[in-house]
Amino acid sequence: MTEKLLINARIIDPSQKMDEKGSVIIGENGKIKSIGNNVKKTDSSPTAEVVDLKNNILIPGIVDMKAFVGEPGYEYKENFRTLSHAALAGGVTSIVTMPNTKPLIDNVSMVDFIIRRGRDKASVNLFPSATLTREIGGKQMTEFGLLSAKGIIGFTDVIKTIQNTETMAKIMDYASDIGVLIMQHVEDYELSKNGCINEGEVSTRLGLEGISYIAEKIAIERDLSLLNEFPCRYHINQISSKESLDVIKRNKESGLDFSVGVSINNLSLNENDIGDFKTFLKVSPPLRLEEDRLALVQGVKSGLIDVIVSDHTPEDEEGKRLPFAQAATGAIGIETLLPLALEMHHNESLPLNKIIETLTINPANILKINKGTLKKGSDADICVFDLNTPWVIKADLLKSKSKNTAVEDRKVQGKVLMTFLNGDLAFKNT
């Protein structure tokens, strides 16, 4: 490839504590050759392609720690090609894919298949996860050592929690021995079964079974108690309530080492947005009170929450156009992750650099991958966006195969202009 010189950019790279106007040179090998305000045109090759970014913002490619791809088994919802197109349009260059495919990713042969298929069909960096337990049954743990040796980045039962405390203790003990990442969905089954919405006034008014914040809090308290005994790489996939933050704060302040994620849905919406049974807003964990949403934003600001994820969960229309209790759970979000996150900058609830940190270097550090940074020598995975361009989210214009967005017709500010993958221009907004 030809060397590229990206000029007139506001470069924000939290991994280097960098926020300055400057340039980036992408070498012929697709890696960062030079970056910053000291880069001159004469530092690049005379034949370098010059791209004027016109004072727009340049950041590392976004790392999304939780997204579903429909291959194999659910290609009618999403596939590697459509997921890649949606991701690149959202500035996302690296994705942790969930293992709840059909068949499930819980054995070596399935890992080989998913890695080969992803390599052949995807145009983003894919980091597949495998299930914590066989058939997501919560009883028999999968072969962590063999699966991680084959390329699995972490282990999760997606939206199911390991209910048996003895099993969870064994998982954490084994994970601590071999150094694999455990990504837990935190929700006590007995307190959440049959629930589909936050327990409270709205669930009562709509006549729907509710899920109390206690279901989440108890699961977190149990796991963090086990983590004290079996210190492994432990990540809470998503939290949704301010009460959970209290538990997290107490344990982090006591020195316990773990990380926490939150879905952009729970940062952008609350239970009142569900209105009269809007099934596209049925997500897991559920949308909660406005005071919970505000507490989660502050949790990001204070560092109690480490990463923001899209929780991209494509569902076909037939699965969503059902009574609320029977409707499929989940919403697409990989393409709208950044603009929704930027809302918190525009309303002055979060610093821009903190937002970028939670989308880039923080998830990369948790996953232990060399992404989310623009340090010299790193892969030139880059997102360029206009911070102020207003636009309206329209499902039909999104690139995901499924159109179940929870934010249809939402007015947002900030749009991805270009996405580079390994130095090549992979997306350009026209």
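This passage describes the overall build of the chain, two of its sheets, the helices beside them and one buried polar pair.

The model is predicted; local features need pLDDT of at least 70, side-chain atom pairs count only at pLDDT 80 or more, and totals for chains, interfaces and linings use all residues. Residues are numbered from 1 along each chain as its sequence is written, and side-chain values use heavy atoms, with hydrogens and water left out.

The protein chain holds 14 helices and 17 strands. Both are DSSP runs numbered from the N terminus: helices are H or I of at least four residues, strands are E of at least two. The C-alpha trace spans about 65 × 45 × 45 Å along its principal axes. The radius of gyration is 21 Å, which agrees with the value near 22 Å for a compact globule of 430 residues. This radius is taken over C-alpha atoms, and the globule rule is 2.2 Å times the number of residues to the power 0.38. Of the 430 residues, 60% count as buried. Buried means under 20% relative accessible area, exposed means over 50%, and partly exposed lies in between, with a 1.4 Å probe and protein chains only. Contacts (heavy atoms within 4.5 Å) often link distant parts of the sequence. Among those between residues at least 6 apart in sequence, 74% join residues at least 24 apart.

One open sheet has 3 strands in the order β6-β7-β8, with parallel pairing. Its edge strands are β6 and β8 (125-128), each pairing on one side only. Neighbouring strands are turned by 20° against each other on average, direction ignored. Such angles run from 0 to 180 degrees between N-to-C directions; the axes are lines fitted to C-alpha atoms, for helices over the stretch in contact. Strands pair if DSSP finds at least two bridges between them. β6 and β7 (residues 92-97) pair in the parallel sense over 4 bridges. Val63 has Ser94 in β7 as its bridge partner.

Helix α1 is mostly covered, with 8 of its 10 residues buried. These are Phe80, Thr82, Leu83, Ser84, Ala86, Ala87, Leu88 and Ala89. They pack against β7, α2 (108-121), β8, β16 (411-421) and β17 (424-428). At the start of α1, a side-chain oxygen of Asn79 reaches to within 3.0 Å of the backbone nitrogen of Arg81. Gly91 follows α1 and has a positive phi, near 80°.

A second open sheet has 4 strands in the order β9-β12-β13-β14, with parallel pairing. Its edge strands are β9 (181-184) and β14, each pairing on one side only. Here neighbouring strands are turned by 25° against each other on average, direction ignored. β12 (residues 233-236) and β13 (residues 259-263) pair in the parallel sense over 2 bridges. His235 stands opposite Ser259 in β13. Helix α4 (residues 165-178) packs on the sheet and touches β9 and β12; its direction makes about 150° with that of β9.

The largest nonpolar core has 97 residues, of which Ile182 and Tyr234 touch the most other members. Such a core is a set of buried Ala, Val, Leu, Ile, Met, Phe, Trp, Tyr and Cys residues joined through side-chain atoms within 4.5 Å. Not counting residues up to four places away in sequence, Tyr234 touches residues including Met168, Met172, Leu181, Ile182 and Phe258. Apart from the largest core lies another, of 17 residues, among them Met18, Ile26, Ile32 and Leu374.

Lys77 and Glu315 form the polar pair. Lys77 is found in the loop between β6 (62-67) and α1 (80-89). Glu315 lies in the loop between β14 (307-309) and α11 (317-320). Lys77 counts as buried because its relative accessibility is 10%. Glu315 is also buried, at 12%. A polar contact of 2.9 Å joins their side chains. Such a contact is a pair of N or O atoms within 3.5 Å; within protein, one must be able to donate a hydrogen and the other to accept it, and residues adjacent in sequence count only if both atoms are side-chain atoms. Leaving aside neighbours within four places in sequence, Glu315 is in contact with Lys77, Lys320, Ala328, Thr329, Ser402 and Asn404. On the same terms, Lys77 touches Pro314, Glu315, Asp316, Lys401 and Ser402.

Helix α12 (residues 337-346) is mostly covered, with 8 of its 10 residues buried. Among them are Leu337, Pro339, Glu343 and Met344. Just after α12, Glu348 takes a positive phi of about 65°.
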